[in-house]
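Reader: Hello! Could you pick one part of this protein for me and take a close look at it, then show me how it sits within the rest?

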Amino acid sequence: MTVESQLAALGGRYGLPAEATDRLRSLLRILTEDPLAPTAVHDPAKAIDDHLADSLVALEVAQIRDAGTIADLGSGAGVPGLPLAIAMPGTLFSLVESSARKCDFIRRAVGACELRNVEVVSSRIEQWSAQVDVVTARALAPLEVVVEYAAPLLLVGGSLAAWRGQRDPAAESAATKAAQIVGIQPGEIRPVKPYPAARNRYLHLMSKVMETPDRFPRRPGIALKRPLGSEATSSDR
């Protein structure tokens, strides 16, 4: 299958208009051709699978499709945020990334794709404040840490979607414990198949059901250093 036929198939799968497919093509080009792109995937066919298709599979989730505001945490090369922003032009996306170099790349990608619904936030997650309908996170941190990062940013009733690989009962148990502390309720763990060869791909979906305690977010670095549930967490701020 050629790159063009892959893009056409991806657009057809999600009912995307030609304009969106053109923008996905522009995004693919900068991801694979920009020497400063923060990704190790430079083969266009593989980038379609690993970056574009793996991002757009979230369109299968109603809470994401219906969101008015989405924050993509630790956005890196701009995925899954940029592909989803292309597919959802009526939704405002905030791509949060602490690396200035990666933010510069994301801004170039936003310009190349002529996107008007994306803001690039150069900040540590713990130092950014907002209230959004959905938080997305792919390859960011252990699941219990992602839960802690997301909770203060979500409106009550909002959703977290975390991209994960092979299931890990211990990690899921730790995330459940963290979720109980910050007002999040674990929900469906949805198996997804973004492209034919994909294996062990899951979207962990969680809902914010009550306000997060005022002591969150904790100071930058503490969530990773002392994950929720450890003996030291009660006094860390």
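Author: Happy to! One definition will help from the start: two strands count as paired if DSSP finds at least two bridges between them. Please also keep in mind that this is a predicted model. The part I have picked is the sheet.

The sheet is an open one, built from 7 strands with mixed pairing. Reading across it, the order is β3-β2-β1-β4-β5-β7-β6. The two edges are held by β3 (118-122) and β6 (184-191); each has a single partner strand, so one side of each has no neighbour in the sheet. From one strand to the next, the twist averages 20°.

Let us begin at the β6 edge. Here β6 pairs with strand β7 (residues 202-208) in the antiparallel sense, and 6 bridges join them. To find this pairing in the structure, look for Q185, whose bridge partner in β7 is S207.

Now move across to β1 and β2. β1 (69-73) runs parallel to β2, and 5 bridges join the two. A good place to see this is A71, which has S94 in β2 as its bridge partner. Between these strands the chain passes through helix α5 (residues 81-87), making a β-α-β crossover that is right-handed.

Carrying on towards the other edge, β2 also pairs with β3, in the parallel sense and over 5 bridges. In this pairing, L95 stands opposite V120 of β3. The chain gets from β2 to β3 through α6, and this β-α-β crossover is right-handed as well. As for β2 itself, 5 of its 6 residues are buried, and the strand is mostly covered.

Next, the helices that lie over the strands. Helix α6 (residues 100-112) lies across β2 (92-97) and β3, and runs at about 170° to β3. Helix α7 (residues 143-150) lies across β1, β4 (132-138), β5 (154-164), β6 and β7. The angle between α7 and β5 is about 150°.

The way into α7 deserves a stop of its own. In the loop between β4 and α7 you will find A141. Is A141 buried or exposed? Its relative accessible area is 13%, and a residue is called buried when this value is under 20%, so A141 is buried. Setting aside neighbours within four places in sequence, A141 is in contact with V146, Y149, R164 and L224. Of these, V146 and Y149 fall within the α7 range of 143-150, and R164 falls within the β5 range of 154-164. For a sense of distance, T32 is 109 residues from A141 in sequence, and their C-alpha atoms are 25 Å apart in space.

Finally, let us step back to the whole protein, which has 9 helices and 7 strands. Its C-alpha atoms fill a box of roughly 55 × 35 × 30 Å along the principal axes. A compact globule of 237 residues would have a radius of gyration near 18 Å, and the 17 Å found here agrees with that. Buried residues make up 52% of the 237. Among contacts with a separation of 6 or more, 65% come from residues 24 or more positions apart. The protein exposes about 10,500 Å², with carbon and sulfur atoms supplying 51% of this area.

Definitions and conventions:
Residues are numbered from 1 along each chain as its sequence is written. This is a predicted model: local features need pLDDT of at least 70, side-chain atom pairs count only at pLDDT 80 or more; totals for chains, interfaces and linings use all residues. Side-chain values use heavy atoms; hydrogens and water are left out. Helices (H or I, at least four residues) and strands (E, at least two) are DSSP runs, numbered from the N terminus. Axes are lines fitted to C-alpha atoms, for helices over the stretch in contact, and angles run from 0 to 180 degrees between N-to-C directions. Contact means heavy atoms within 4.5 Å. The radius of gyration is taken over C-alpha atoms; the globule rule is 2.2 Å times the number of residues to the power 0.38. Buried means under 20% relative accessible area, exposed over 50%, partly exposed in between (1.4 Å probe, protein chains only). Accessible areas come from the Shrake-Rupley method with a 1.4 Å probe; for residues, only the protein chains shown count as cover. A crossover is right-handed if, with the strands pointing away from the viewer, the path from the first strand over the helix to the second runs clockwise.
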